[in-house]
Amino acid sequence: NSAAQVAACAALQDTEHLQRSIAINDAGLQQLSEGFQRLGLSYIPSVGNFITVNVGRCAEEVDTALLQQGVITRPVENYGLAHCVRISVGLAEENTRCLQALEVVL
């Protein structure tokens, strides 16, 4: 809506906010990547605000199990990646919670 567009334009003008957001996202990508490596999971390197990880089995099943753990992901079977889920980068504590839930589910 138009109010959201005005807010987005204002946020883009705030370079301090942008730099802080980029730093948080970069740290989150690193945290998730390192966590996937610890769990022995392959992933598609990312520079965006999400990362795609191969969970090694039916992504729909893993997505459902993660949802029961309170973690929302997005299966990407529609892209031909039946064993992958897309995970949005969050704050450090959210990323930790996601990695812990993955460890339980897998």
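1. A place to start is Val53. Setting aside residues up to four places away in sequence, Val53 touches Phe36, Leu41, Ser42, Tyr43, His83, Cys84, Val85 and Ile87. The model is a predicted one, and every value in this note is to be read with that in mind.

2. Val53 also belongs to the largest nonpolar core, which has 20 residues. Those with the most contacts inside this core are Leu32, Phe36, Val53, Leu66, Ile87 and Leu102. Two or more residues each come from helix H2 (15-38), strand E2 (50-54), helix H3 (59-68), strand E4 (81-88) and helix H4 (92-105). Of these elements, H4 gives the most, with five residues.

3. For orientation, the protein has four helices and four strands. Their order along the sequence is α-α-β-β-α-β-β-α. The C-alpha trace spans about 45 × 30 × 25 Å along its principal axes. Of the 106 residues, 30% are buried.

4. How are the contacts spread along the sequence? Taking contacts between residues at least 6 apart in sequence, 60% join residues at least 24 apart. Points 5, 8 and 9 give single cases of residues and their partners.

5. Phe36 lies in helix H2 and is one of the core residues with the most contacts. Is Phe36 buried or exposed? Its relative accessible area is 0%, so Phe36 counts as buried. Leaving aside neighbours within four places in sequence, Phe36 is in contact with Leu41, Tyr43, Ile51, Val53, Ile87, Leu99 and Leu102. Val71 is a contrasting reference point: 35 residues separate Phe36 and Val71 along the chain, and their C-alpha atoms are separated by 16 Å.

6. How many aromatic pairs does the model contain? The count comes to one. The pair consists of Phe36 and Tyr43, whose ring centres are 5.8 Å apart. Their planes stand at 50°, so the pair is tilted. The class follows from the angle because planes under 30 degrees apart would count as stacked and those over 60 as edge-to-face. As for the surroundings of the two rings, Phe36 is buried, whereas Tyr43 counts as partly exposed at 24% relative accessibility. Both Phe36 and Tyr43 appear among the residues that Val53 touches.

7. Asn25 is another residue of helix H2. With a relative accessible area of 15%, Asn25 is buried; the reason is that buried means under 20%. Which residues does Asn25 touch, not counting residues up to four places away in sequence? They are Gly48, Asn49 and Val89.

8. Helix H4 can be followed through two alanines. Ala101 has its place in helix H4 and is buried, with a relative accessible area of 0%. Apart from neighbours within four places in sequence, Ala101 is in contact with Leu66, Gln69 and Val71. Ala101 and Gln69 are 32 residues apart in sequence, yet 6.2 Å apart in space from C-alpha to C-alpha.

9. Ala92 is found in helix H4 as well. Ala92 is partly exposed, with a relative accessible area of 45%. In sequence, Ala92 and Gly28 are 64 residues apart; in space, C-alpha to C-alpha, they are 6.2 Å apart.

10. Where is Glu77 placed? Glu77 sits in the loop between strand E3 (74-76) and E4. Its relative accessible area is 43%, which makes Glu77 partly exposed. Not counting residues up to four places away in sequence, Glu77 touches Glu60 and Ala82. The C-alpha atoms of Glu77 and Glu34 are separated by 24 Å, with these positions 43 residues apart along the chain.

11. Last, the surface and the charges. The accessible surface of the protein comes to about 6,700 Å². Carbon and sulfur atoms account for 54% of that surface. The protein has 6 positive and 11 negative charges, and the mean positions of these two groups are 2 Å apart.

How values were computed:
Residues numbered from 1 in each chain as written. Predicted model: local features only at pLDDT ≥ 70, side-chain atom pairs only at ≥ 80, totals over all residues. Heavy atoms only, no water. Buried < 20%, exposed > 50% of the residue type's maximum accessible area, 1.4 Å probe, protein only. Contact = heavy atoms within 4.5 Å. Areas by Shrake-Rupley, 256 points an atom, 1.4 Å probe, with all protein chains shown as cover. Lys, Arg positive; Asp, Glu negative; His and termini not counted. Charge placed at Lys NZ, Arg CZ, Asp CG, Glu CD. Core = buried A, V, L, I, M, F, W, Y, C linked by side-chain atoms within 4.5 Å. Phe/Tyr/Trp six-rings, centres within 6.5 Å; stacked < 30°, edge-to-face > 60°.
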